[in-house]
Amino acid sequence: MISWILKFLTKRPQYVRLRNNNVDISSTILFTSTGAPQGCVLSPLLFTSYTSDCRSAYTSIPIIKFADDTSIQGLISCHTDLMNYFTTIRHFVTWCDKHFLSLNLIKTQEMIIDFRTKDNTHESVLIKCKNITITDIYKYLGVFFDNHLNWHKQSSVVTSKMNQRLYFIRKLNEFHIDHTIINLFYSSTMESIVSFCLIAWGGNITCNDENKINSIINKVQKITNIPLLKLKEIFVHLVKKKIIQIKVNSQHPLYREIRYSSRQSSTIVLYPKIRTERYRNSFLPSALRALNNQL
């Protein structure tokens with residue numbers, strides 16, 4: 001099998017062909033032995049194997065790999081954590097050089113999330129004699145993160161996309177399309193935008209941003225005359241669905257965070273210690289509340 005995969009990955013011929021006035025123009029054939037064909041069934045397995053040794057030595061500073069969108073996240077509580085954070089970055093850069101991977105330093109950015117009011121100065125990250133830009137907003141895997149975690153940018157993008165699609169809802173209604181079909185169109189093109197990664201950002205958006213999204217949902221509901229879930233209702237539904245999946249998956253990182261009452265045969269889950277309203281509205285506490293309410 002190893003020989004088979006090696007044969008598949010090495011000396012792959014490729015060329016570019018153009019058609020001009022019914023005449024085919026082809027480039028010379030180039031043989032490549034790097035990477036893996038895009039869309040290949042083996043690609044995820046090969047990526048996992050290729051990057052398996054790219055790991056952090058510190059549990060508080062994980063390296064999260066998703067194809068070319070790799071992030072290094074550091075929970076900095078003391079000066080030692082900060083030094084470990086810089087060490088992890090240096091090791092990652094060394095690993096990339098060793099494995100013939102080129103870092104795009106223009107696209108590489110750092111976001112600092114710090115809610116302290118004092119002693120919040122931060123050293124710059126330096127990679128190959130270049131200071132990495134510190135940004136306030138960053139798009140990662142389709143979601144806009146901001147350094148205050150108020151998700152204003154994310155909700156603004158969702159609102160904009162929903163408004164664009166609201167035009168088509170109105171047109172379908174003008175054409176007297178059956179409301180059931182319009183509702184199906186809403187579910188597939190608008191509600192899917194709202195629900196995308198909602199368990200991460202839906203609990204802590206501002207009331208103003210929530211009202212803007214609900215206002216668009218109300219407009220669609222007025223057209224179709226079919227009851228639609230509001231933003232918080234979609235959020236609760238999704239977190240409840242997710243926490244039920246976590247309960248039965250002992251390999252999930254949050255599985256150990258679900259603790260039950262000490263009473264015998266109790267199915268009531270215990271809340272984690274909550275110090276801030278921000279954490280209270282985040283996924284895990286919200287999911288545990290939804291789970292207990294269901295019971």
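**Exercise 1. Placing N183.** Determine which residues N183 touches, not counting residues up to four places away in sequence, and where N183 lies.

Solution. With contact taken as heavy atoms within 4.5 Å, and with residues up to four places away in sequence left out, N183 touches T224, I226 and L228. N183 itself belongs to helix α5, residues 179-195, where helices (H or I, at least four residues) and strands (E, at least two) are DSSP runs numbered from the N terminus. The relative accessible area of N183 is 18%, so N183 is buried, given that buried means under 20% relative accessible area, exposed over 50%, and partly exposed in between, with a 1.4 Å probe and protein chains only.

The model is predicted, so that local features need pLDDT of at least 70 and side-chain atom pairs count only at pLDDT 80 or more, while totals for chains, interfaces and linings use all residues. Residues are numbered from 1 along each chain as its sequence is written, and side-chain values use heavy atoms, with hydrogens and water left out.

**Exercise 2. Helix α10 and its end.** Check the span of helix α10 (residues 283-294), and then establish how it is covered.

Solution. The expected span of a helix is 1.5 Å times one less than its number of residues; for the 12 residues of α10 this gives 16 Å, and because the end C-alpha atoms are 16 Å apart, the two values agree. As for cover, nine of the 12 residues are buried, which leaves the helix mostly covered; among them are F283, L284, P285 and L288. The buried residues of α10 pack against α6 (198-201), α8 (231-247) and α9 (277-280).

Q294, also in helix α10, has a relative accessibility of 45% and therefore counts as partly exposed. Leaving aside residues up to four places away in sequence, Q294 touches K240 and I244. The C-alpha atoms of Q294 and K240 are 8.7 Å apart in space, although the two residues are 54 residues apart in sequence.

**Exercise 3. Aromatic pairs and charges over rings.** Count the aromatic pairs, classify the pair of Y50 and W95, and find which charged residues sit over F144 and F115.

Solution. Rings of Phe, Tyr and Trp (its six-membered ring) pair if their centres lie within 6.5 Å, with planes under 30 degrees apart counting as stacked, over 60 as edge-to-face and the rest as tilted. By this rule there are four aromatic pairs. For Y50 and W95 the ring centres are 6.3 Å apart and the planes stand at 70 degrees, so this pair is edge-to-face. It links distant parts of the chain, since Y50 is in helix α2 (residues 43-50) and W95 is in helix α3 (residues 79-98), 45 residues apart. Y50, at 39% relative accessibility, counts as partly exposed, whereas W95, at 11%, counts as buried.

A charge sits over a ring if NZ of Lys or CZ of Arg is within 6 Å of the ring centre and within 35 degrees of the ring normal. The charged end of K153 sits over the ring of F144 at 5.4 Å from its centre, and R278 lies over the face of F115, 3.6 Å from the ring centre.

**Exercise 4. The β2-β3 hairpin and positive phi.** State in which sense strands β2 and β3 pair, and describe N21 and F100.

Solution. Two strands pair if DSSP finds at least two bridges between them; β2 (residues 17-20) and β3 (residues 23-26) pair in the antiparallel sense over four bridges. R19 stands opposite D24 in β3, and the two strands form a hairpin with two residues between them. N21, in the loop between β2 and β3, has a phi near 55 degrees, a positive value in a residue other than glycine. N21 is exposed, with a relative accessible area of 69%.

F100 likewise is not a glycine, and has a positive phi of about 60 degrees. F100 lies in the loop between α3 and β7 (109-110), and at 79% relative accessibility F100 counts as exposed.

**Exercise 5. Cysteines.** How many disulfides does the structure hold?

Solution. With a disulfide defined as a pair of cysteine sulfur atoms within 2.5 Å, the structure holds zero disulfides. C54 is in no disulfide, and the nearest cysteine sulfur, that of C96, is 6.3 Å away. C54 is buried, with a relative accessible area of 4%, and C40 is buried with 18%.
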